[in-house]
Amino acid sequence: MALDDNSEPEPDIAVVRIDPFDYATHHPTPSEVYLIIEVADSSLTFDREIKAKAYARSGIADYWVLNVGERQLHVFREPAEDGYQSEVILAETASISPIEFPAFNIAIQEMLPPIISN
């Protein structure tokens, strides 16, 4: 994904507009991105701080960080030059809809790995 001339992060999941050339000539730009999801375990701080600021500065409206260790979803919205103005942390029992697809409801628990009991 191309944020600017110096930044091309590789998100774990990116939901982007369909490109008739399948992005053969360029990486998706912020105006073509509906949603970015990072799956975080050891990268949680980096994803919530560094990547969040870069995505917010680029105007990514919907950025989620799936915190595997705590089984939570961090939802970042309302991007601004200095970072996201809204961060909501949802428990695994909650569900959410992407901004661009409000009729599509996603159970957070379905995004997480199953709990294996001994």
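This report describes the salt bridges, aromatic pairs and nonpolar cores of a predicted model.

## Salt bridges between strands and a helix

Across the whole structure, a search finds four salt bridges, and three of them are described here in turn. In one of these, the side chain of glutamate 87 meets that of arginine 48, with a distance of 3.1 Å from N to O. The two residues belong to distant parts of the chain, since glutamate 87 sits in strand E5, which covers residues 83-91, while arginine 48 sits in helix H1, which covers residues 44-57, and their positions lie 39 residues apart in the numbering. Both partners are partly exposed: glutamate 87 has a relative accessible area of 36%, and arginine 48 has one of 29%.

Another salt bridge brings together the side chains of aspartate 62 and arginine 77, at 2.6 Å from N to O. Aspartate 62 lies in strand E3 (residues 62-67) and arginine 77 in strand E4 (residues 72-80), so this pair ties together parts of the chain that are 15 residues apart in sequence. The surroundings of the two partners can be read from their accessibility: aspartate 62 is buried, with a relative accessible area of 0%, whereas arginine 77, at 21%, counts as partly exposed.

## A salt bridge between loops

Glutamate 92 and arginine 71 also form a salt bridge, in which the closest N and O atoms are 3.0 Å apart. Here the linked parts of the chain are loops, with glutamate 92 in the one between E5 and strand E6 (95-96) and arginine 71 in the one between E3 and E4, so that the pair is 21 residues apart. Glutamate 92 has a relative accessibility of 18% and counts as buried because the limit for that class is under 20%. Arginine 71, at 14%, is likewise buried.

## Aromatic pairs

The count of aromatic pairs in the model comes to five. In one of them, the rings of tyrosine 63 and tyrosine 84 have centres 6.1 Å apart and planes at 25°, and the pair is therefore stacked, as planes under 30 degrees apart are classed in this way. This pair, too, links distant parts of the chain, with tyrosine 63 in strand E3 and tyrosine 84 in strand E5, 21 residues apart. Both tyrosines are buried, with a relative accessible area of 0% for tyrosine 63 and a relative accessibility of 13% for tyrosine 84.

Ring pairs also join Tyr63 and Tyr84 with Tyr55 and Phe76 into a cluster. Tyrosine 63 has further contacts: leaving aside residues up to four places away in sequence, the residues that it touches include Ile36, Glu38, Asp47, Lys51, Ala52 and His74, as well as Tyr55, Phe76 and Tyr84.

## Nonpolar cores

The largest nonpolar core holds 12 residues in all, among them Val33, Ile36, Ala40, Leu44, Ile60 and Val65, and Tyr55, Tyr63, Phe76 and Tyr84 are also part of this core. Strand E2 (33-40), H1 and E3 each supply at least two of its residues, and the largest share, four residues, comes from H1.

Apart from this core lies another, made up of 11 residues, including Leu35, Leu73, Leu90 and Leu112.

Methods. Residues numbered from 1 in each chain as written. Predicted model: local features only at pLDDT ≥ 70, side-chain atom pairs only at ≥ 80, totals over all residues. Heavy atoms only, no water. Buried < 20%, exposed > 50% of the residue type's maximum accessible area, 1.4 Å probe, protein only. Phe/Tyr/Trp six-rings, centres within 6.5 Å; stacked < 30°, edge-to-face > 60°. Core = buried A, V, L, I, M, F, W, Y, C linked by side-chain atoms within 4.5 Å. Contact = heavy atoms within 4.5 Å.
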